[in-house]
Amino acid sequence: MTANASARAIKPELLRTYTEDFNKDRANLIAADAAVSAGVLKAATDYRGVRALPRDFSIELKQGSITNQERSGRCWMFASLNTLRYELMHRWNLEDFEFSETYLFFWDAMEKSNTYLENVLRTLDEATDSRLFEAINESPADDGGWWQMFAALVNKYGLVPKSAYPESENSRNSDDFKQSLNSKLREFAAELRRRSVAGASEDELRALKDEYMGTVYRICAVALGEPPEKFDFFARPKDDDEDKKGEARKCKAEADADGKAESCKCGESCKCEGKSDAKACKCDKDKSDKPKTGKDERPQIREIGITPLEFYKKYVPVDVNDFVTLANAPLKNRPFNQRYRIRFSANVAEAGDMEFVNVPLDVFKKAALDQLTAGHPIWFACDCTQFALRKDGFFDQSVVRVDQLFGTEFTGDKAHGLEYGDSPSNHAMTFTGVNLDEDGKPNRWKVENSWGKDAGKDGYYVMSDAWFDRYVTELIIRKEYLDDATRALLTTEPVELDPWQPLTRRCR
């Protein structure tokens with residue numbers, strides 16, 4: 001062994017020192033017993049941190065049942081659809097609703113395949129080992145994405161309810177389907193490049209690409225089934241009488257408690273004058289003049305042969321184009337208050353690449369608070385692996401005390417995590433609540449996840465405000481909740497970013 005090689009090696013005498021130091025510290029032995037037996041996360045869980053994050057929130061939105069992306073990388077799609085279904089449910093007074101994630105998954109696979117082949121045609125002069133082509137070729141039609149990819153799909157293909165295009169085995173567990181599709185796409189890419197070297201014209205290459213897309217369609221249709229061109233839609237709005245009765249019972253209870261008359265939120269004045277008379281509100285009277293039957297008398301919403309675009313435009317009360325991606329990326333080479341565009345990031349070729357506005361944390365957080373306070377959920381992206389208890393539903397460094405377990409501090413900040421690839425965005429979820437302290441400042445956030453109701457507390461997570469500051473990097477905000485300065489940035493010329501730079505990893 002040369003002198004230089006010896007200097008680079010782990011020295012035996014140092015190993016003896018390491019093991020002696022480890023074994024003479026009782027805390028190390030206890031930590032090892034716990035981690036080896038229960039795993040790092042369970043061994044690192046701090047009950048005091050858990051108790052400091054109760055699951056009640058001063059601002060909380062009523063959402064539908066928890067969704068489950070299962071073994072697929074569709075989190076960005078689930079979070080997007082969860083954001084829209086909230087608006088649809090409350091507009092049409094529905095108890096629950098779920099869009100078809102598989103419908104957009106089919107078209108996303110088609111569009112990503114087309115865009116990949118178009119990007120191959122755009123980079124015919126690039127060597128296959130160039131950094132740009134490696135970025136394009138890394139995952140041609142993978143599952144991941146961003147809100148703007150979702151918006152592009154909705155603009156082009158609309159939306160359908162889950163009943164019109166339910167889940168399949170290959171949407172629930174997408175690896176085998178996507179492996180086959182990506183392998184075929186890379187074969188197509190190699191042939192396009194070979195034909196180009198042989199002298200084929202651009203028109204000839206694009207005609208060949210169109211032929212290849214027929215094979216892509218066949219793969220997608222076999223794996224997922226063909227998507228509907230039209231479908232029937234049926235729904236029943238909630239019974240308003242039940243809501244009124246609930247408010248009346250609350251009104252009566254309050255009157256019973258303090259002997260005072262209260263105003264019913266059901267829209268009718270409560271006639272209670274005190275405890276002795278506070279027996280029932282007018283709106284809570286049994287409608288004895290109407291005979292009871294087993295028939296569901298609620299009104300119906302029925303559509304026969306509606307198209308996905310018609311359904312989106314008629315039943316979704318928001319426009320997906322009225323949302324803006326805000327980022328909080330405190331990097332020296334990514335100045336705040338600037339608009340950015342990521343090259344080669346589109347899924348729908350003609351829709352354009354992903355854009356975002358990078359803003360300071362105070363602007364970032366205020367937009368989130370304003371939108372939640374106004375009663376609208378928020379799509380967001382983060383690194384869900386950091387200081388997270390997946391089963392129990394916590395995002396907080398004070399809950400997952402790996403610093404105590406391993407006897408070392410983790411001091412990296414947000415800029416470090418992005419610059420060194422330690423905490424890139426890798427998962428999208430939805431904010432559906434926030435708790436404000438006595439000074440009106442947020443101290444914890446309610447998170448709707450898409451991992452099923454057995455993950456977290458009935459599918460929901462609680463996030464500390466400190467974790468928000470450190471690991472939440474993207475928010476999708478309605479334009480009306482942007483401040484004037486940020487809104488003005490939307491008309492500025494964007495700075496172009498390469499597809500391998502920070503904030504370019506798709507959420508899965």
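This passage describes how four helices pack against one another in a predicted model, and then turns to its largest pocket.

Helix H6 is a convenient place to begin, with residues 75-92. Its partner H7 covers residues 101-122, and the two helices pack with their axes 11 Å apart at an angle of about 130°. This angle makes H6 oblique to H7. The crossing of this pair is right-handed. On the H6 side, the contact is formed by Trp76, Met77, Phe78 and Leu81. H7 contributes Glu101, Leu104, Phe105, Asp108 and Lys112. Sorted by class, the contact of H6 with H7 comprises 6 nonpolar and 3 charged residues, with no polar ones.

H6 also packs against helix H9, which spans residues 147-157. Here the axes lie 9 Å apart and the angle is about 65°. Because angles of 65 to 115 degrees count as roughly perpendicular, H6 and H9 are described as roughly perpendicular to each other. Their crossing is right-handed. Trp76, Ser80, Leu81 and Leu84 of H6 meet Trp147, Met149, Phe150 and Leu153 of H9. The contact of H6 with H9 holds 7 nonpolar residues and 1 polar residue, and charged residues are absent from it. Trp76 and Leu81 thus appear in the contact with H9 and also in the contact with H7.

Returning to H7, a further packing partner is helix H11, made up of residues 175-197. The axes of H7 and H11 come within 10 Å and cross at roughly 25°. With angles under 35 degrees counted as roughly parallel, the two helices are therefore roughly parallel to each other. H7 passes H11 in a right-handed crossing. From H7, the contact draws on Phe105, Ala109, Ser113, Tyr116, Leu117, Val120 and Leu121. The H11 side is built from Phe177, Lys178, Leu181, Leu185, Arg186, Phe188, Ala189, Leu192 and Arg193. In the contact of H7 with H11, 12 residues are nonpolar, 1 is polar and 3 are charged. Phe105 of H7 takes part in this contact as well as in the one with H6.

H7 also has a place in the description of the largest pocket, since H7 and helix H8 (131-137) each supply at least two residues of its lining. The volume of the largest pocket is about 790 Å³. Its lining consists of 31 residues, and those closest to the centre are Glu138, Ser139, Pro499, Thr504 and Arg505. By class, the lining of the largest pocket divides into 14 nonpolar, 8 polar and 9 charged residues.

Note on methods:
Residues numbered from 1 in each chain as written. Predicted model: local features only at pLDDT ≥ 70, side-chain atom pairs only at ≥ 80, totals over all residues. Heavy atoms only, no water. Axes fitted to C-alpha atoms, helices over the stretch in contact; angles between N-to-C directions. Helix = DSSP H or I, 4+ residues; strand = E, 2+ residues; numbered from the N terminus. Parallel < 35°, antiparallel > 145°, perpendicular 65-115°, else oblique. Left-handed = near helix turned anticlockwise from the far one by under 90°. Contact = heavy atoms within 4.5 Å. Nonpolar A, V, L, I, M, F, W, Y, C, P; charged D, E, K, R; others polar. 1 Å grid on protein atoms, 1.4 Å probe; cavity = no way out; pocket = protein on both sides within 12 Å on 5 of 7 lines; lining within 4 Å. Points joined across faces, edges and corners; volume = space filled by probe spheres on them.
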